[in-house]
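Please find below some notes on this model, set out as numbered points. They start with the chain as a whole and end with single residues.

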Amino acid sequence: MMDNKGYIQLYTGNGKGKTTAAFGLAVRALCAGKRVSIAQFVKSMKYHETRIGELFPTLEIRQWGRGCFIGRNPDPEDVAAAHEGWRHCLSQLRSGQWDMVILDELNIALHFGLLEVDDVISGLRSRNPHTEVVITGRYAPEQLIAEADLVTDMQEVKHYYTRGVAARDGIER
């Protein structure tokens with residue numbers, strides 16, 4: 001018997017690969033003919049992975065952030081952007097038109113108080129029952145971990161950034 005329930009997958013922890021895992025799930029779903037929406041909270045730069053939107057007509061990628069909080073605290077514009085993004089995502093979650101909705105860095109938005117955990121959980125519970133949800137970001141709140149069907153805690157064991165290596169474009173040399 002085929003299970004067509006939409007599950008909640010959560011990727012958290014201080015290790016690398018949370019967004020990469022979510023984008024991998026998106027490609028897998030897209031290649032199976034599914035409709036996928038990716039909402040990136042906090043992020044505002046066009047990263048290389050966002051270019052997959054050029055390859056799949058059934059993929060939407062939207063960024064609802066104003067950039068990284070390193071060196072600054074979120075301001076009211078950051079809160080407004082996150083709320084606008086959440087309203088858009090909530091509409092998608094409830095519509096039944098999307099097979100998968102990825103909420104990239106949602107945990108960061110929650111951690112910095114841009115959104116309320118109770119509002120997010122309420123929204124997840126009100127989604128179309130067939131919509132798969134993937135949530136990424138460090139600092140996943142305990143309430144969201146309890147709500148999720150699958151939780152992966154990615155832990156850094158060793159990383160070349162700690163040796164001062166700058167960020168790369170993801171292509172091995």
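1. Among contacts in the chain between residues at least 6 apart in sequence, what percentage join residues at least 24 apart? The share is 72%. Please bear in mind throughout that the model is predicted.

2. Five helices and six strands make up the secondary structure of the chain. Their order along the sequence is β-α-β-β-α-β-α-α-β-α-β. The radius of gyration is 16 Å, close to the 16 Å that the globule rule gives for 173 residues, so the chain is as compact as a globular protein of that length. The C-alpha trace spans about 50 × 40 × 30 Å along its principal axes.

3. On burial and surface: of the 173 residues in the chain, 45% are buried. The accessible surface is about 9,900 Å², and carbon and sulfur atoms account for 52% of that area.

4. On charge: the chain carries 21 positive and 22 negative charges. The mean positions of these two sets lie 5 Å apart.

5. The largest nonpolar core has 29 residues. Those touching the most other members are Phe41, Trp86, Leu103, Leu106, Leu115, Leu124 and Ile135. Two or more residues each come from strand E1 (8–12), helix H2 (76–95), strand E4 (100–104), helix H3 (106–111), helix H4 (117–125) and strand E5 (132–136). The most are given by H2, with five residues.

6. Which residues does Leu103 touch, not counting those up to four places away in sequence? They are Ala39, Phe41, Trp86, Cys89, Leu124, Val133, Val134, Ile135 and Thr136. A second core, separate from the largest one, has 16 residues, including Tyr11, Phe23, Ile52 and Val134. Val134 is thus listed both as a contact of Leu103 and as a member of the second core.

7. Two residues deserve a look for their backbone angles. Glu105, in the loop between E4 and H3, has a phi near 65°, a positive value in a residue other than glycine. Tyr139 also is not a glycine and has a positive phi, of about 65°; Tyr139 is found in the loop between E5 and helix H5 (142–147).

8. Are these two residues buried or partly exposed? Glu105 has a relative accessible area of 16%, so it is buried, under the 20% cut-off. Tyr139 is partly exposed, with a relative accessible area of 48%.

Methods. Residues numbered from 1 in each chain as written. Predicted model: local features only at pLDDT ≥ 70, side-chain atom pairs only at ≥ 80, totals over all residues. Heavy atoms only, no water. Helix = DSSP H or I, 4+ residues; strand = E, 2+ residues; numbered from the N terminus. Rg over C-alpha atoms; globule rule 2.2 N^0.38 Å. Buried < 20%, exposed > 50% of the residue type's maximum accessible area, 1.4 Å probe, protein only. Contact = heavy atoms within 4.5 Å. Areas by Shrake-Rupley, 256 points an atom, 1.4 Å probe, with all protein chains shown as cover. Lys, Arg positive; Asp, Glu negative; His and termini not counted. Charge placed at Lys NZ, Arg CZ, Asp CG, Glu CD. Core = buried A, V, L, I, M, F, W, Y, C linked by side-chain atoms within 4.5 Å.
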